[in-house]
Amino acid sequence: MGKKILLTCLLLVASALFGLDADRVSSSGMSPLWYEIEAARCALSPFDRIIREVSEREGNDWRLMSAIAYHESRFTADIVSNRGARGLMQIMPAVARRFGVLSDEALFDPRINVWLGNRVFNSIAESLGLSGGVSERDRICLILAAYNGGIGHVTDARRLARSRGENPDSWEVVRRYLELKALPEYYEDEAVRCGRFTGSAQTTGFVDEVMRRYEKYCRMI
């Protein structure tokens, strides 16, 4: 912690003595010097304060939202994916519009982007309608799977589990059915409404990586 404070002070002194331009901004609206100072202050990323304020207001653990942001963008506020997803939480413009954010450029604002990520997370949680007895780990994993792979495929996997007498609120059970949804005998089942799913490796990898990082962040803070 002492080293972080010292580095922050040195950066501020350098700005004053050598004319570092703290007002020169990137497309995300943050100056390079701001990033350096915030990185020195913070435990996880330069966006700790924003992610914490927004996530706690939305009722989510900011360390989990930070883990998602790390996976999605490596904490790069002005990144654009090949598919057009933008910002820290990699929000698609079409998704942003559903929550009233009409400007694509607004998605480069970290506060707006993190707010949207939290709203999407909470919307998925509500739509899944998980039972009150589901474990917190299962709840988070199921939401993350839907965040990455789409709520339709996760809901299909849960229907398949339920139709076969298995627990639709267990991530391990749903994970298996997401993988099986690539096979005709499963994606042609009457319980399935969203068809074949070939992205299970990506989705389960996303869930595993985010959960590992979330657990790491929980140990750190």
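In this predicted model, 3 aromatic pairs are present. One of them joins tyrosine 147 and phenylalanine 206, whose ring centres lie 6.3 Å apart with the planes at 0°; the pair is therefore stacked, since planes under 30 degrees apart fall into that class. Tyrosine 147 belongs to helix α7 and phenylalanine 206 to helix α11, so the pair ties together parts of the chain that are 59 residues apart in sequence.

Both partners can be placed by their accessibility. Tyrosine 147 has a relative accessibility of 15% and therefore counts as buried, the limit for this class being under 20%. Phenylalanine 206, at 2% relative accessibility, counts as buried as well.

Helices α7 and α11 also contribute to the largest nonpolar core. This core comprises 57 residues, of which Ile68 and Leu144 touch the most other members. At least two residues each are supplied by α3 (48-57), α4 (62-73), α5 (93-98), α6 (110-128), α7 (136-149), α8 (151-163), α9 (171-180) and α11 (200-220). Helix α7 provides the largest share, 8 residues.

The surroundings of isoleucine 68 were examined further. When residues up to four places away in sequence are not counted, isoleucine 68 touches Met89, Phe121, Leu144, Tyr147 and Val210. These contacts include Leu144, the other residue that touches the most core members, and Tyr147, a partner in the stacked pair.

A contact of another kind involves a charged side chain. The charged end of arginine 213 sits over the ring of tyrosine 70, at 3.6 Å from the ring centre.

Definitions and conventions: Residues are numbered from 1 along each chain as its sequence is written. This is a predicted model: local features need pLDDT of at least 70, side-chain atom pairs count only at pLDDT 80 or more; totals for chains, interfaces and linings use all residues. Side-chain values use heavy atoms; hydrogens and water are left out. A nonpolar core is a set of buried Ala, Val, Leu, Ile, Met, Phe, Trp, Tyr and Cys residues joined through side-chain atoms within 4.5 Å. Buried means under 20% relative accessible area, exposed over 50%, partly exposed in between (1.4 Å probe, protein chains only). Helices (H or I, at least four residues) and strands (E, at least two) are DSSP runs, numbered from the N terminus. Contact means heavy atoms within 4.5 Å. Rings of Phe, Tyr and Trp (its six-membered ring) pair if their centres lie within 6.5 Å; planes under 30 degrees apart count as stacked, over 60 as edge-to-face and the rest as tilted. A charge sits over a ring if NZ of Lys or CZ of Arg is within 6 Å of the ring centre and within 35 degrees of the ring normal.
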